[in-house]
Amino acid sequence: MIKIDLHIHSNYSDGKFSPRELIDIASKKGISAMAITDHDKATANKEAETYAKEKGIEYVHGIEITATPPEGVKELHIVGLFIDSENEEIKKIPERHKKYAIATAKKIIEKLNILNYKINFKELLEETKGEHFGRPFIAKILMKKYPEKFQERGQVFDELLGKQGKSFVMPQGTELDEIIKIIHNAGGIAIVAHPWYLGENMLEILEKFVPLGGDGIELDCSPKDSISKNTEEILENFAKKNNLVISGGTDFHEIKEGGIEIGDKGISEKEFFKLKEYHQKMQEDKYYSK
């Protein structure tokens with residue numbers, strides 16, 4: 001079943017395809033609605049919305065913001081949906097997070113050098129023209145320099161850059177409470193991306209997310225296949241108990257043989273209607289509380 005995909009990355013962050021190319025892919029698959037949620041920037045949304053309209057696809061403005069991970073957690077990302085991409089606080093995020101990303105990249109490169117991988121920060125600047133500093137781009141350089149060892153990005157992440165990798169560095173981001181406020185001030189809803197990434201701390205962090213004003217969690221999102229049925233049930237029950245909305249998507253970056261494609265994961269039309277209904281009510285409540 002083709003689903004509504006609300007977690008996709010373009011080449012404005014670390015995806016391979018442009019917004020127009022992503023929409024072309026979605027159109028060919030018959031997807032009725034979608035969101036591009038680039039890391040720490042909302043710059044793809046305007047272009048994507050215009051082209052999506054031409055293709056008859058309902059477009060949701062999105063972003064995925066890096067949060068400073070709590071102790072014991074290596075990654076915490078919050079997806080903002082239905083945001084105003086021209087909101088001033090949203091527009092300030094890229095520059096702020098660029099500084100964080102540069103600092104993290106330099107620490108990763110230091111660790112790689114200790115492991116005798118010959119890579120330097122200048123190569124990363126040249127590879128991305130100074131636009132991106134994330135781990136996928138460091139992986140790309142390593143694959144070019146060490147083709148006999150790394151044929152796929154997944155190998156680089158498993159051994160070096162992933163959460164269990166030898167050169168992993170905890171990413172710095174914006175505090176969770178501030179992210180939720182920024183998303184709400186931009187008219188959006190705040191969703192915990194792939195919550196199973198939080199590991200054994202998952203419920204503890206979600207318990208903090210709710211009173212801060214968090215709105216929902218992703219349930220059907222890549223790589224959900226890696227989580228147990230028990231974890232899935234725990235998340236479903238937590239969402240019901242705390243009146244959280246459900247979102248989801250492929251976390252799509254590129255086409256891989258045997259990999260997840262746009263629309264393979266996400267939410268149904270019915271779930272999307274509930275998500276929009278929730279957002280509409282939130283906006284009305286904000287309006288009438290003024």
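**Exercise 1. Strand β2**

Task: In this predicted model, which residues of strand β2 point one way and which the other way? Then find what β2 pairs with.

Solution:
- Step 1. Strand β2 covers residues 33-36. Walk along it and sort the side chains: Ala 33 and Ala 35 point one way, while Met 34 and Ile 36 point the other way.
- Step 2. Now check the cover. All of these residues are buried, and buried here stands for under 20% relative accessible area.
- Step 3. Look for the neighbour. Strand β1 (residues 5-8) is joined to β2 by two bridges, and the two strands run parallel.
- Step 4. Pick out a pair: Ile 8 has Ile 36 as its bridge partner in β2.

**Exercise 2. Ser 10, just past β1**

Task: Where does Ser 10 lie, and is Ser 10 buried or exposed?

Solution:
- Step 1. Place the residue: Ser 10 sits in the loop between β1 and α1 (19-28).
- Step 2. Read off the accessibility. Ser 10 has 0% relative accessibility, so Ser 10 counts as buried.
- Step 3. See who is around. Leaving out residues up to four places away in sequence, Ser 10 touches Gly 15, Phe 17, Ser 18, Pro 19, Leu 22, Ile 36, Asp 38 and Ala 44. You've already met Ile 36, as the β2 partner of Ile 8.

**Exercise 3. Strand β4 and its two partners**

Task: How many of the residues of β4 are buried, and in which sense does β4 pair with β3 and with β5?

Solution:
- Step 1. β4 runs over residues 77-81, and five of its five residues are buried.
- Step 2. Sort the directions: His 77, Val 79 and Leu 81 point one way, and Ile 78 and Gly 80 the other way.
- Step 3. Take the first partner. Strand β3 (residues 58-66) pairs with β4 in the antiparallel sense, over five bridges. In that pairing, Ile 65 has Ile 78 as its bridge partner in β4.
- Step 4. Take the other partner. Strand β5 (residues 189-192) also pairs with β4 in the antiparallel sense, over four bridges. Here Val 79 stands opposite Ile 191 in β5.

**Exercise 4. Two helices and their buried residues**

Task: Which residues of α5 are buried, and what covers them? Do the buried-residue list for α7 too.

Solution:
- Step 1. Helix α5 spans residues 135-145, and its buried residues are Pro 136, Phe 137, Ile 138, Ala 139, Ile 141 and Leu 142.
- Step 2. Here's a handy rule: an α-helix has 3.6 residues a turn, so residues three or four places apart point the same way. Try it on the list yourself.
- Step 3. Find the cover: it includes α3 (88-114), α4 (121-128) and α6 (153-161).
- Step 4. On to α7, where Leu 176, Ile 179, Ile 180, Ile 182, Ile 183 and His 184 are buried. After α7 comes Gly 187, with a positive phi near 80°.

**Exercise 5. Positive phi outside glycine**

Task: What is phi of Asp 40 and of Asn 116? Is each one buried or exposed?

Solution:
- Step 1. Recall the background: most residues other than glycine have a negative phi.
- Step 2. Asp 40 has a positive phi near 60°. Its place is the loop between β2 and α2 (45-54), and Asp 40 is buried, with a relative accessible area of 12%.
- Step 3. Asn 116 has a positive phi of about 75°. You'll find Asn 116 in the loop between α3 and α4. With a relative accessible area of 61%, Asn 116 is exposed, since exposed needs over 50%.

**Exercise 6. Phe 168**

Task: Where is Phe 168 found, and what does Phe 168 touch?

Solution:
- Step 1. Phe 168 is in the loop between α6 and α7 (176-185).
- Step 2. Its relative accessible area is 9%, so Phe 168 is buried.
- Step 3. Leaving out residues up to four places away in sequence, Phe 168 touches Lys 74, Lys 111, Arg 135, Leu 160, Leu 161, Gly 162 and Lys 163.
- Step 4. Compare chain and space: Phe 168 and Ala 105 are 63 residues apart along the chain, and their C-alpha atoms are separated by 9.9 Å.

**Exercise 7. Zooming out**

Task: Why can the protein chain be called as compact as a globular protein of its length?

Solution:
- Step 1. Count the elements: the protein chain has 10 helices and seven strands.
- Step 2. Its radius of gyration is 19 Å, close to the 19 Å that the globule rule gives for 290 residues, so the chain is as compact as a globular protein of that length.
- Step 3. Add the burial: 51% of the 290 residues count as buried.

Conventions: Residues are numbered from 1 along each chain as its sequence is written. This is a predicted model: local features need pLDDT of at least 70, side-chain atom pairs count only at pLDDT 80 or more; totals for chains, interfaces and linings use all residues. Side-chain values use heavy atoms; hydrogens and water are left out. The radius of gyration is taken over C-alpha atoms; the globule rule is 2.2 Å times the number of residues to the power 0.38. Buried means under 20% relative accessible area, exposed over 50%, partly exposed in between (1.4 Å probe, protein chains only). Contact means heavy atoms within 4.5 Å. Two strands pair if DSSP finds at least two bridges between them.
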